[in-house]
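Visitor: Hello! I am new here, and I would love a friendly tour. Could you walk me through it, one question at a time?

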Amino acid sequence: MAACILAFSCAQAPVTRTGITGTLHAAAAAGTPLYGHQDDLLYGHSWNATLDDDLELGRSDVRDVCGKYPAILGLDLGGIEIKATRNLDGNYFELMRLAAIKHHERGGIVTLSWHVRNPLTGGDAWDVSSDKVVASILPGGEKHDEFLTWLDRAADWILSLKDADGQQIPVLWRPWHEHSGGWFWWGRGHCSDAEYNALWRMTWDHFRARGLENLAWAISPNYMERDFEKWETRYPGDAYVDVIGLDCYASPDRETYIARMRDGLASLQKMCEKHGKILAVTETGLESLPDPQWWTGALAPAIQGFPVSYVLTWRNASDRPEHYYAPFPGEPGAADFLAWIEQYDIPML
Ligand code: BMA
């Protein structure tokens, strides 16, 4: 832990735009990362919250296991751009809005990703059939004006997150993620580094112009085959970023996962120190948790010693029984999750 504190004291202080950065910085410095779970309040392995009777949003697979909510709630805006009523995973945007507010009231941090559809082809975020998409939405591009309306729809939704006093809720905004991979239309190979950086800055400028000033901005490259130098060029600049996180999923083979995560975090830690940013594991998990000691046996050694501010595992899909990353009652790894949060003092709500 001493090494973590030293690492931060040597680094330039992170930009503090919202209380979120202060909270994350403190968690990283203390060596007690926060835990996050995607869609935690909206559904779980075998249940769904509904707009009819679940407005309290009290249920959570994680809470059912350990009695507490994750400190971080991940939500995704995919679909807001086409004015859909539900996001790409079937969540009503209205219920997401209530969940975000409820989570904030409970003292948690809300983080938003955006699997935005392809504005040039009409396909989804994974449609990489054209390498001209980012160019088409930048200023001067044929889809620029239309794309600004997409940004407006995302901005409007975020602006609708207000507390009981009418104050804007701070959000950890994580757009254009996994840009070092090639599976999204904004990913490597489908736009140049300069175009990617311009897309990020355009998003920033537009959101600022819309009055979204209390966002912390997280950039999250995915693990790559040791080609870490490239993370520096696909990076919009220090004024536009608060958190640098790694998206790195696990395979059942612990050693491979631990080695990859440690490689990636070592590289991103250097980047955070150089740029004065906060380190995180913005997405991880082992689908179906076939390793019942994954939390203490794989995740803990993978992040041990790094100043990681939070770790977010992906969703427990209610409609795909094998697609889960967090524990739920009866899940064989639930006891190990409890052991992990107790052993490492993971702050929960
Ligand atoms: C993926 C899967 C998909 C989902 C997407 C966006 O990892 O969970 O089912 O649509 O994330 O949430």
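## A tour in questions

Guide: Let us begin in a loop: asparagine 214 sits between α7 (193–209) and β7 (215–219). Please keep in mind that this is a predicted model.

Visitor: Is asparagine 214 buried or exposed?

Guide: A residue counts as buried under 20% relative accessible area and as exposed over 50%. Asparagine 214 has a relative accessible area of 18%. That value falls under the 20% cut-off, so asparagine 214 is buried.

Visitor: Which residue offers a backbone oxygen to the side chain of asparagine 214?

Guide: Look for a polar atom in the side chain of asparagine 214. At 3.1 Å from that atom lies a backbone oxygen, and it belongs to glutamine 168.

Visitor: Now the ligand, please. Which residues are around it?

Guide: By class, the shell has 3 nonpolar, 2 polar and 3 charged residues. Its members are Leu88, Asp89, His115, Trp126, Trp314, Arg315, Arg320 and His323.

Visitor: How far is the polar side-chain atom of histidine 323 from an oxygen atom of the ligand?

Guide: Several side chains place an N or O atom by a ligand oxygen. For tryptophan 314 the distance is 3.1 Å, and for arginine 315 it is 2.8 Å. For the polar side-chain atom of histidine 323, the distance to a ligand oxygen is 2.6 Å.

Visitor: And how much of the ligand's accessible area does the protein cover?

Guide: On its own, the ligand has 310 Å² of accessible area. Of this area, the protein covers 78%.

Visitor: Let us move to helix α11. Which of its residues are buried?

Guide: Helix α11 runs over residues 334–343. On one side are the buried residues, which cover an arc of only 160° around the axis. These buried residues are Ala334, Asp336, Phe337, Trp340 and Ile341.

Visitor: Which residues are exposed on the other side of α11?

Guide: The buried residues share a side of the helix because their arc around the axis is only 160°. Turn to the other side of α11, and you find the exposed Ala335, Glu342 and Gln343.

Visitor: What do the buried residues of α11 pack against?

Guide: Follow the buried residues, which include Phe337 and Trp340, to their packing partners. Those partners are β1 (34–38), α3 (61–66) and α10 (294–303).

Visitor: What comes after that helix? Which residues is tyrosine 344 in contact with?

Guide: Tyrosine 344 belongs to the segment after α11, and at 26% relative accessibility it counts as partly exposed. Its C-alpha is 9.3 Å from that of threonine 296, although the two are 48 residues apart in sequence. Leaving aside neighbours within four places in sequence, tyrosine 344 is in contact with Thr32, Ala300 and Gln304.

Visitor: What is the phi of aspartate 345?

Guide: Most residues other than glycine have a negative phi. Aspartate 345, just after α11, takes a positive phi of about 55°.

Visitor: What phi does leucine 57 have?

Guide: Leucine 57 is in the loop between β3 (47–48) and α3. With a relative accessible area of 2%, it is buried. Although leucine 57 is not a glycine, its phi is positive, at about 50°.

Visitor: Where is tryptophan 176 placed?

Guide: Tryptophan 176 also has a positive phi, near 50°. Its relative accessible area is 1%, so it is buried. Its place is in the loop between β6 (171–174) and α7.

Visitor: Is serine 129 buried or exposed?

Guide: Serine 129 is in the loop between β5 (109–113) and α5 (133–137). A polar contact of 2.6 Å joins its side chain to that of aspartate 127. Its relative accessibility is 59%, so serine 129 counts as exposed.

Visitor: One last stop: which residues does glycine 74 touch?

Guide: Glycine 74 lies in strand β4 (residues 72–76). At 0% relative accessibility, it counts as buried. Not counting residues up to four places away in sequence, glycine 74 touches His37, Gln38, Asp39, Thr111 and Leu312.

Definitions and conventions. Residues numbered from 1 in each chain as written. Predicted model: local features only at pLDDT ≥ 70, side-chain atom pairs only at ≥ 80, totals over all residues. Heavy atoms only, no water. Near = heavy atom within 4 Å. Polar contact = N/O pair within 3.5 Å; in protein donor to acceptor, adjacent residues only side chain to side chain. Areas by Shrake-Rupley, 256 points an atom, 1.4 Å probe, with all protein chains shown as cover. Nonpolar A, V, L, I, M, F, W, Y, C, P; charged D, E, K, R; others polar. Buried < 20%, exposed > 50% of the residue type's maximum accessible area, 1.4 Å probe, protein only. Helix = DSSP H or I, 4+ residues; strand = E, 2+ residues; numbered from the N terminus. Arc of directions from axis to C-beta. Contact = heavy atoms within 4.5 Å.
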